[in-house]
Amino acid sequence: MAEPLQQREIDELSADADRFIAELDEESYLHFAGHKETYDLSPIYERHERLTQLDTALGLGASVDGDRRRRELWRFACEGYLGNFVREEAERVAELEATLTTTVDDEEIPYRMLRPRLMNEDDRGVRERTEAARNELTEEHLNALELQAAQVVQRETQRLGAPSYAELYRNFGFGLDDLAEQCRRLLAETEGLWEETGDRFFRSRVGLGLGDVARWDVGRAWRGVAWDSAFPADRMLPALEGTLADLGIELRAQQNVELDLEERPSKDPRAFCSPIEVPGRVVLVLKPQGGPNDWRALFHEAGHTEHFAHTNASLSPEERRLGDNAVTEGWAMLLEYLTTDPVWLERRLDFPRPHEFAAEGAVQLLWVVRRYCAKLLYELEFHAAEDPTALRPRYVELLGDATKVKPAASDYLGDIDGGFYASAYLRAWAFEAQLRAYLRERFGNAWFSQREAGSLLRELWAEGQKPTADELLADVTGEKLELAAVGDRIREALAAV
Ligand SMILES: [Zn+2]
C-alpha cells in the first residue's frame, strides 16, 4: 500500500501538471498548424518525469480521500504513467500513418489521404477498392503495434492497483455502467427510427438504401456535397464573428484568443483549438475550405475556444485543465449544432430549405450517437477481457447492429478512444440537447441572438471544469443529465420537415 503524499508535494505536482499540459498543447499546436515539421514529445515527458512515475500515481491514489481535485490529479498521473509506456508504439503508429502509401487503380495514395478520398470519390467501385487497400494496410502494419499497446496498458493497469482498465475508470468516478444502461435503452428506442430515416438519408445522398450501403459509402454520404454552395469558405469566419458578437463577444478584441489563419503547406486542414494557457492563451487554428463539415468543425472548435478563454484564472489547474471533459465537449457541441439549426441558418445565411438540412443533420446526429453508444458498450467489454483479440468479432457485431452498416474488423483496436473519451462525448450530446431546450424556452428559438443568453453562457464558461456536466445542467435547469434527451431532440428536428 502506498503512503499518502504531503500537501506540499501535491501542490508541486499540480503546478507541474499545469506546465506539462501547456508544453504538450504548444507542441501539438506548432506541429499540426504547420509551424514545425517534427513532433517532439520525448523531451517534454523527460522534463516532467515525476508525473509519469508509478510511485507518484500510487501516492496520489492513496491521497484522494474524497477530494475531487486530488482525484483528478491522480487520474492525470495514471494516464501519464500508462501513456508513457505506450508512447513508443503511439509514435511508431503515427510515423507509419504518415509514411505508408498504397496503390489504388495505379495511383499511389498516402495512408492519411485514404479517408478523405473515400469522402470525395464519386465512383463507388473506386471507393470499394480504396477501402480494401486501407484495411489491408491497417491489418498488415498497424494491428500488431496496436495490440501490443493494448496488452501493455492491460498489464500496467494492474500495477496501478485496478484489475482492469474499466475498473480503473470506475475508481476515477466515471459512471460507466449507468451510462451503458442508457446507451442500451437509446439504441432500442431509436432502432426503428434509424432504420427508417437512415434509409431515406442514404438514398437521398448516395442513391442506396440502408440494406445496400457499405462502409465505403458512409463518408461520401456524410460529406453532403449538394450543400456546399450554401456553406462558402469566405463566409465562415464572418458568420462566427457575427454569432459571437450577438452573444456579446468581440472575437478580434479578445486579448487571450489567437486566430491562426495563415496558409502553411503542412497545416492540418481541420480546425482545432489549442488551449495552451487557460485562460491566458487559447489558439483557434483554421484553414477555411467551406462545405457543411468544415463549418461544423469551426464552430465546434470555437466552442472549446470560448469556454477555455472565459475560464476563471483563479481556479486551480485541475479545475481549469482537468475535470469532466463532457463540459468542454458540451460547449463545443452547443456552437457546432448552430450550423444545423434552421433558425440560425436563416438568420446567418440566406439558406435554401433550412428545415430539410436540419432534418438531415438530425439523422447524422442519430448515426453518430448510436455509433458511440455501441462504441462505449464495446469498449467496456474490450477493457474487461483477458484476451483483446477475442473481441474482434464483437466489434463488428455491436457496431454493425447499431449502424446497420458492417464495420471493418481491422478497426477493432484503432477505433477505441483512450480514457473512455466516448463517455464524455455521449454525456456532452445529452448536455447540449438539454441545455439547448432550456435556452430556447427561456430566450426564444433565436436564443443565440440574445445578449442575456450570452451573459449566461459567459457566467457558466467561467466555471471551467470545476463542476461536472451533470452539476452544471442541474444548476441551470434543475434537470438530470439524460441521454434520452438526444432522442427527443432528433425526433423534434425530423418532425419539422
Ligand atoms: Zn471537441
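## A tour from a helix crossing to a small set of strands

Begin by selecting helix α15 and helix α19, whose crossing is right-handed in this structure, and keep in mind throughout that the model is predicted. Helix α15 covers residues 325–336 and helix α19 covers residues 421–443, and their axes come within 7 Å while crossing at roughly 50 degrees. Because angles of 65 to 115 degrees count as roughly perpendicular and those under 35 degrees as roughly parallel, α15 is described as oblique to α19.

Next, show the side chains where these two helices meet: on α15 they include Asn325, Glu329 and Met333, and on α19 the partners include Tyr421, Trp429, Phe431 and Arg436. If you colour the residues of this contact by character, you will find 10 nonpolar, two polar and four charged.

Now move to the strands, selecting β3, β5 and β4, which in that order form an open sheet with mixed pairing. Strands β3 (257–260) and β4 (272–277) stand at the edges, and since each has a single partner strand, one side of each is left without a neighbour in the sheet. On average, neighbouring strands of this sheet are turned by 20 degrees against each other, direction ignored.

Zoom in on β3 and on β5 (residues 281–285), which run parallel and are joined by four bridges; here you can pick out Asp260, which stands opposite Val285 in β5.

Finally, add the helices that lie across these strands. Helix α1 (residues 7–32) lies across β4 and β5 and runs at about 140 degrees to β4, while helix α13 (residues 292–310) lies across β3, β4 and β5, running at about 170 degrees to β5.

Notes
Residues are numbered from 1 along each chain as its sequence is written. This is a predicted model: local features need pLDDT of at least 70, side-chain atom pairs count only at pLDDT 80 or more; totals for chains, interfaces and linings use all residues. Two strands pair if DSSP finds at least two bridges between them. Axes are lines fitted to C-alpha atoms, for helices over the stretch in contact, and angles run from 0 to 180 degrees between N-to-C directions. Two residues are in contact if their C-beta atoms, placed from the backbone, lie within 7 Å. Angles under 35 degrees count as roughly parallel, over 145 as roughly antiparallel, 65 to 115 as roughly perpendicular and the rest as oblique. A crossing is left-handed if the near helix is turned anticlockwise from the far one by less than a right angle, and right-handed if clockwise. Ala, Val, Leu, Ile, Met, Phe, Trp, Tyr, Cys and Pro count as nonpolar, Asp, Glu, Lys and Arg as charged, and the others, Gly among them, as polar.
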